[in-house]
Amino acid sequence: MTDQLTPTLYCYHCKKNIPVFGGVIKITRTEECPYCSRALHCCKMCKFFDARVYNECKESNADRIVDKEKANFCDYFTLNNGKFDDSSLDSLKSAADSLFKK
C-alpha cells in the first residue's frame, strides 16, 4: 500500500521512481536522475510539455527551447511528477505508419 502523502517522481527517460526525501520535491537546474544521469529540470519533466502541440509546450509565453532533454532556465517550468505515458504517442505513430504503409 502506497502512502498518498508521499510525493513520487519518475524520470522521463528511464521511467524509474526517484526517491524523494523530506516530502517536498524541489528540482534545481543541475539535478540529474540518480539512475540514468539525465537532466531533471528539462522540458520533458515539465507539466507543460506536450509533443502534440506547437513547440511541444502548452505554455504559450515560454521561450522556445530546442533540446527538450537538456537542462534549461525556463521560468514556467513546473514539475510533472506523475508517470510518463508514452503509449499514446506510440499508438499515434503506429496508426500513422499503418495509414502510409505501402
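1. Let's start with the empty space. One cavity of 30 Å³ or more turns up in this structure, and bear in mind that the model is a predicted one. The largest cavity holds about 140 Å³ of space. As background, empty space is revealed by rolling a probe the size of a water molecule over the atoms.

2. What lines the largest cavity? There are 17 lining residues, and those nearest the centre are Cys 43, Cys 57, Ala 62, Ile 65 and Cys 74. Sorted by class, that lining comes out as eleven nonpolar, two polar and four charged residues.

3. With those cysteines in view, how many disulfides does the structure hold? The count is zero. Take Cys 14: its nearest cysteine sulfur belongs to Cys 33, 3.7 Å away, and Cys 14 is in no disulfide. A pair of sulfurs has to be within 2.5 Å to count, so the 3.7 Å between Cys 14 and Cys 33 misses the cut-off. Cys 14 itself is partly exposed, at a relative accessible area of 22%.

4. Cys 43, one of the cavity residues above, is in no disulfide either. For Cys 43 the nearest cysteine sulfur is that of Cys 74, 6.4 Å away. Is Cys 43 buried or exposed? Cys 43 is buried, with a relative accessible area of 14%.

5. On to the second largest pocket, with about 180 Å³ of space. It is lined by 13 residues, and Pro 19, Val 20, Lys 26, Ile 27 and Glu 31 are the closest to its centre. The lining here divides into ten nonpolar and three charged residues, with no polar ones.

6. Ile 27 deserves a second look. Besides sitting by that pocket's centre, Ile 27 belongs to the largest nonpolar core, which has 15 residues. Which members touch the most others? They are Leu 9, Ile 18, Ile 27, Leu 40, Met 45, Phe 77 and Leu 79. Setting aside residues up to four places away in sequence, Ile 27 touches Leu 9, Leu 40, Phe 77 and Leu 79, along with His 41.

7. Last, a charged residue to check: Asp 50. Where does Asp 50 lie? You'll find Asp 50 in the loop between strand E2 (17-18) and helix H1 (87-99). Despite the loop setting, Asp 50 is buried, because its relative accessible area is 11% and the cut-off for buried is under 20%. Neighbours within four places in sequence aside, Asp 50 is in contact with Glu 56, Cys 57 and Lys 58. Of these, Cys 57 has already come up among the residues nearest the centre of the largest cavity.

Definitions and conventions: Residues are numbered from 1 along each chain as its sequence is written. This is a predicted model: local features need pLDDT of at least 70, side-chain atom pairs count only at pLDDT 80 or more; totals for chains, interfaces and linings use all residues. Side-chain values use heavy atoms; hydrogens and water are left out. Helices (H or I, at least four residues) and strands (E, at least two) are DSSP runs, numbered from the N terminus. Buried means under 20% relative accessible area, exposed over 50%, partly exposed in between (1.4 Å probe, protein chains only). Contact means heavy atoms within 4.5 Å. A nonpolar core is a set of buried Ala, Val, Leu, Ile, Met, Phe, Trp, Tyr and Cys residues joined through side-chain atoms within 4.5 Å. On a 1 Å grid over the protein atoms alone, a cavity is a set of points where a 1.4 Å probe fits but cannot get out, and a pocket is an open set with protein on both sides within 12 Å along at least five of seven lines; lining residues have an atom within 4 Å of a point. Grid points are joined across faces, edges and corners, and a volume is the space filled by probe spheres set on the points. Ala, Val, Leu, Ile, Met, Phe, Trp, Tyr, Cys and Pro count as nonpolar, Asp, Glu, Lys and Arg as charged, and the others, Gly among them, as polar.
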